[in-house]
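Okay, thanks for having me, everyone. Let me put the structure up and then walk you through a few spots in it.

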Amino acid sequence: MFIAIGFFGCEKDPIIDPSPTPEHLESVLLQNDKVLIDTIYAHAGNHPNFERETDQYDVHLRFQSHDNMTNVKIYRNDSIAYPDSLALFQKFDLKTEPEFQGLFTNILLKQQQQNEDFLIRVLYTANDTAFLTRTVRVRTAQESTDTKNVRDISVETTPGGRAFFDWAGSSVASDDNLIEMADATGKTFCAVVTSDPAFLFHNLRNVTHDFTPEIFAPRLVQGESYDVNIYMTDNIGWMRNYRNFSFVADSTKSEFFE
């Protein structure tokens, strides 16, 4: 029996590139000589009244900016039971560029349709030092976590240019209260975090973070208008309450906002 063997021009099998090894936060930190961990304040929120720009990016992650900040990276950890394990945080690509807003930088994230929350951290470099934010737990769309209004706000200005702010939020306890104050030009001249639902401008006794340490013995100017943001954040970095309002420094009266 004669068997003819032929060679045909078959296409070569496609070369399959191996999946790239995920970049783990732990390995990246080991490559840096100077690393400051948990020194950068961060929080997130998802309310339509909280800077929501598009339905595709309805979660906003805000973190403290730094002079000469470069190489901003974001890392995600789906194992919420292990928030301290740096090896479980993997880098993922951002769909939008970080938006620099002065004291803070804003990153847009898509709301997750999965059933599990996830953890997130931001890493960036500045002046040859790597800065890592605290861990923020981002909620899923299934959970009722829309940010509510800060309510029952009262502002009382003293003749000496101080102002006492008092407010209330939802029934969920707030671990951090970030207060930002801007003048008529729109420049934020005071930003602090306190664990109390009250703040006396400018008293740092109960302040845990002071983002404007360069101001010294500041006073409000009678008759001038000021803009205030209050962010009430729980102990995992999720924003429970937010409110923006304006007031006039007038020691003859108090202002109230429901």
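I'll go through a strand, two acidic residues and some aromatic rings.

Before anything else, keep in mind that this is a predicted model.

Let's start with strand S9, residues 129–133. How many of its 5 residues are buried? It's 5 of the 5, so S9 is largely enclosed by the rest of the structure. You can see that on both faces: Thr-129, Phe-131 and Thr-133 are buried on one side, and Ala-130 and Leu-132 are buried on the other. As for partners, S9 pairs with strand S1, residues 35–40, in the parallel sense, over 4 bridges. Strand S8, residues 118–126, is joined to S9 by 4 bridges too, but those two run antiparallel. Phe-131 is a handy landmark here, since its bridge partner in S1 is Leu-36, while Tyr-124 stands opposite Phe-131 as well. The hairpin of S8 and S9 has 2 residues between the strands, and in it Asn-127 takes a positive phi near 55°.

Now over to strand S14, residues 176–182. Asp-176 sits in that strand, and so does Glu-180. Is Glu-180 buried or exposed? Its relative accessibility is 7%, and buried means under 20%, so Glu-180 counts as buried. Asp-176, at 6%, counts as buried too. Each has an arginine to talk to: the side chain of Glu-180 makes a polar contact of 3.0 Å with the side chain of Arg-62, and a 2.7 Å polar contact joins the side chains of Asp-176 and Arg-134. Arg-62 has something else going on, with its charged end over the ring of Phe-104, 4.6 Å from the centre. Phe-104 is also among the residues that Glu-180 touches.

Last stop, the rings. A search of the whole structure finds 10 aromatic pairs. In one of them, Tyr-41 and Phe-211 have ring centres 5.8 Å apart and planes at 65°, so the pair is edge-to-face. That pair links distant parts of the chain, 170 residues apart. Tyr-41 is buried, with a relative accessible area of 0%, and Phe-211 is buried at 9%. Then there's Tyr-231 with Tyr-242, a tilted pair, 4.9 Å centre to centre with 40° between the planes. Tyr-231 is in strand S18 and Tyr-242 in strand S19, so this pair ties together parts 11 residues apart in sequence. And Tyr-231 brings us back to S14, as it is in contact with Asp-176.

Technical notes: Residues are numbered from 1 along each chain as its sequence is written. This is a predicted model: local features need pLDDT of at least 70, side-chain atom pairs count only at pLDDT 80 or more; totals for chains, interfaces and linings use all residues. Side-chain values use heavy atoms; hydrogens and water are left out. Buried means under 20% relative accessible area, exposed over 50%, partly exposed in between (1.4 Å probe, protein chains only). A polar contact is a pair of N or O atoms within 3.5 Å; within protein, one must be able to donate a hydrogen and the other to accept it, and residues adjacent in sequence count only if both atoms are side-chain atoms. Contact means heavy atoms within 4.5 Å. Two strands pair if DSSP finds at least two bridges between them. Rings of Phe, Tyr and Trp (its six-membered ring) pair if their centres lie within 6.5 Å; planes under 30 degrees apart count as stacked, over 60 as edge-to-face and the rest as tilted. A charge sits over a ring if NZ of Lys or CZ of Arg is within 6 Å of the ring centre and within 35 degrees of the ring normal. Lists of a residue's contacts leave out its neighbours within four places in sequence.
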